[in-house]
Amino acid sequence: MKHLLKLEDWSTEEIVRALNLADQLKYEQKHGIEHKLLKGKTLGMIFEKSSTRTRVSFEVGMTQLGGYPLFLSSNDLQIGRGEPVQDTARVLSRFIDAIMIRTFEQSEVEALAEYGSIPIINGLTDYCHPCQVLADLMTIREFKGKLEGLKMCFIGDGNNMMNSLIVGALRTGMSFSAACPEGYMPPEHIQEFGKSYGDLFEIVTDPKEAAKNADVVLTDVWASMGQEEEKKIREAAFAGYQVNKELMEVTNEGCMVLHCLPAHRGEEITADIFEAHADEIFEEAENRLHAQKAVLVECLLDKKEEEKIQ
C-alpha cells in the first residue's frame, strides 16, 4: 500500500514516474480521451483547513478518473469533536478506498496511515505540501523541458512550501537556493537533508544572492492560514523579501516565476511581476489537477493495474 504523507517518503524514481503519469493524464484530458482508471473507487476528502484549489482539483480529478469524491469537513466528522484519529482511520478504512486530508498537524496525517488500512494522501499540513510541489515540478518541466541542472530559488518563509520544495528540487536533480530572514528558517532536519546534496543547496538571508542565476523563482504568502494574528510582525520581518523587478534582474534570462496562490500583490510579489508571469502561475494552478490525479492513480492502483496504462 502506498501513501503520500510527505515528499521525503518518495524516491526520485517515484516522483518522476508520477510526473510522467501526470503529463499523460493531462494530454488525455486535453484531447477528450477518457481515463476511468479509478472506476468504483471512493476518495474521502477531510478538510480541517478550508481550500479553493485543493478541494476543486481533487474532487474534479477523482470524478475524471471515474471515482467518487466524498467531501468531509471538520463539522461532518467526530474527529473534530473528540474522537481519536486512530478510530476515525479504522472506521473510514471500512467504507472508502483512500483518504486525502488537509489539516494542521503532520502527526494527524501520519496517524491516519498508521491506524488505517487504505492509502493516505497529504493535501497540506503546516509541515509540508507535497501535492503542490509535484504540480510545481510538472510546470517547470513543461516550460523548461527538463528539471535536472536547473536552479530553483524560493524567497520567503521556511514553511511547508519550502520544506517540500527543497526535497522535490534536489531529488529531481535541480539545485536549490532560498532566502529567508533569521528566525524563519526551515526545520533543522530539512536543512540537513539539503546539506547532504552539497553545493546544490544553500539558504541565505539576502534575496538577491539567492536569486542570482536562478531559472525559476517561487514565493508564498508571508502569513499562512492560522498565522493571521502574526501578520504585522511577519510583514515587518519579510519587508525585504519581495519578488520584484530588481530581484528578477539577477536571475537567468527566461526565468520563470511561480506562486502556489493565493497571492497578495504588493507584499510577497509585485503586481507587475505576477502579471508578467501569469501564464506560468495559472498553468501551475491547473497542474494541481493533473499531478493529483497521478498521485491518486499511484496510490490506488496496484502495480499490475498501473502497468496496463503505461
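# Questions about a predicted model

User: Glad to look at this predicted model with you. How many residues does helix H5 (residues 130-144) have, and what does it reach from its first C-alpha to its last?

Analyst: Let's start with the count: helix H5 covers residues 130-144 and has 15 residues. At 1.5 Å a residue, the expected span is 21 Å. From its first C-alpha to its last, H5 is close to that value, reaching 21 Å.

User: Is H5 mostly covered or not, and how many of its residues are buried?

Analyst: A good way in is to go through the names. Pro130, Cys131, Gln132 and Val133 are among the buried residues of H5, and so are Ile140 and Arg141. The helix is mostly covered, and the number of its 15 residues that are buried is 12.

User: Which residue follows H5, and what is its phi?

Analyst: Step just past the end of the helix. There you meet glycine 145, which has a positive phi. That phi is near 85°.

User: Which residues have the most contacts inside the largest nonpolar core?

Analyst: In general, nonpolar side chains in soluble globular proteins tend to be buried together. Here the largest nonpolar core has 60 residues. Inside this core, the residues with the most contacts are Leu134, Met152, Met174, Phe176 and Leu296.

User: Which residues does leucine 134 touch, not counting those up to four places away in sequence?

Analyst: Leucine 134 is one of the buried residues of H5. Leaving out residues up to four places away in sequence, its contacts are Leu4, Leu7, Trp10, Ile15, Leu19, Ala291 and Val295.

User: How many residues are in the other core, apart from the largest one?

Analyst: Tyr184, Val204, Ala263 and Ile281 are among its members. This other core lies apart from the largest one, and its number of residues is 23.

User: Why is the pair of tryptophan 222 and phenylalanine 238 described by the word it gets?

Analyst: A search of the whole structure finds seven aromatic pairs. For tryptophan 222 and phenylalanine 238, the ring centres are 6.3 Å apart and the planes are at 15°. Planes under 30 degrees apart count as stacked, so this pair is stacked.

User: How many residues apart in sequence are the parts that this pair ties together?

Analyst: Tryptophan 222 is in the loop between strand S8 (216-219) and helix H9 (231-237). Phenylalanine 238 is in the loop between H9 and helix H10 (245-248). Both residues are buried. Because they lie in these two loops, the pair ties together parts whose separation in sequence is 16 residues.

User: Which residues form one aromatic cluster with Trp222?

Analyst: Phe238 belongs to the cluster, as you might guess from the pair above. Altogether, the cluster is formed by Trp222 with Tyr184, Phe238 and Tyr241.

User: Where does the charged end of lysine 2 sit, and which ring does arginine 265 lie over?

Analyst: The charged end of lysine 2 sits over the ring of tryptophan 10, 4.4 Å from its centre. Arginine 265 is 4.0 Å from a ring centre, lying over the face of phenylalanine 274.

User: In which sense do S8 and S9 pair, and over how many bridges?

Analyst: Look at two facing residues to find your bearings: leucine 218 stands opposite leucine 258 in S9. Threonine 219 has histidine 259 as its bridge partner in S9. The two strands pair in the parallel sense, and the number of bridges is four.

User: Which strand is joined to S8 by four bridges along with isoleucine 155 standing opposite threonine 219?

Analyst: Isoleucine 155 stands opposite threonine 219 in S8. Both faces of S8 are covered, with Val216 and Leu218 buried on one side and Val217 and Thr219 buried on the other. The strand that runs parallel to S8, joined by four bridges, is S5 (residues 151-155).

User: What is the peptide bond from leucine 261 to proline 262, cis or trans?

Analyst: Leucine 261 lies in the loop between S9 and H11, and proline 262 lies in that loop as well. Leucine 261 has a positive phi of about 70° although it is not a glycine. For the bond itself, omega is near 0°, and the bond is cis.

User: Is leucine 124 buried or exposed?

Analyst: Leucine 124 is in strand S4 (residues 120-124), and its phi is positive, near 155°. Its relative accessible area is 8%. Buried means under 20%, so leucine 124 is buried.

Methods
Residues numbered from 1 in each chain as written. Predicted model: local features only at pLDDT ≥ 70, side-chain atom pairs only at ≥ 80, totals over all residues. Heavy atoms only, no water. Phe/Tyr/Trp six-rings, centres within 6.5 Å; stacked < 30°, edge-to-face > 60°. Buried < 20%, exposed > 50% of the residue type's maximum accessible area, 1.4 Å probe, protein only. Lys NZ or Arg CZ within 6 Å of the ring centre and 35° of its normal. Core = buried A, V, L, I, M, F, W, Y, C linked by side-chain atoms within 4.5 Å. Contact = heavy atoms within 4.5 Å. Expected span 1.5 Å × (residues − 1). Pairing = 2+ DSSP bridges.
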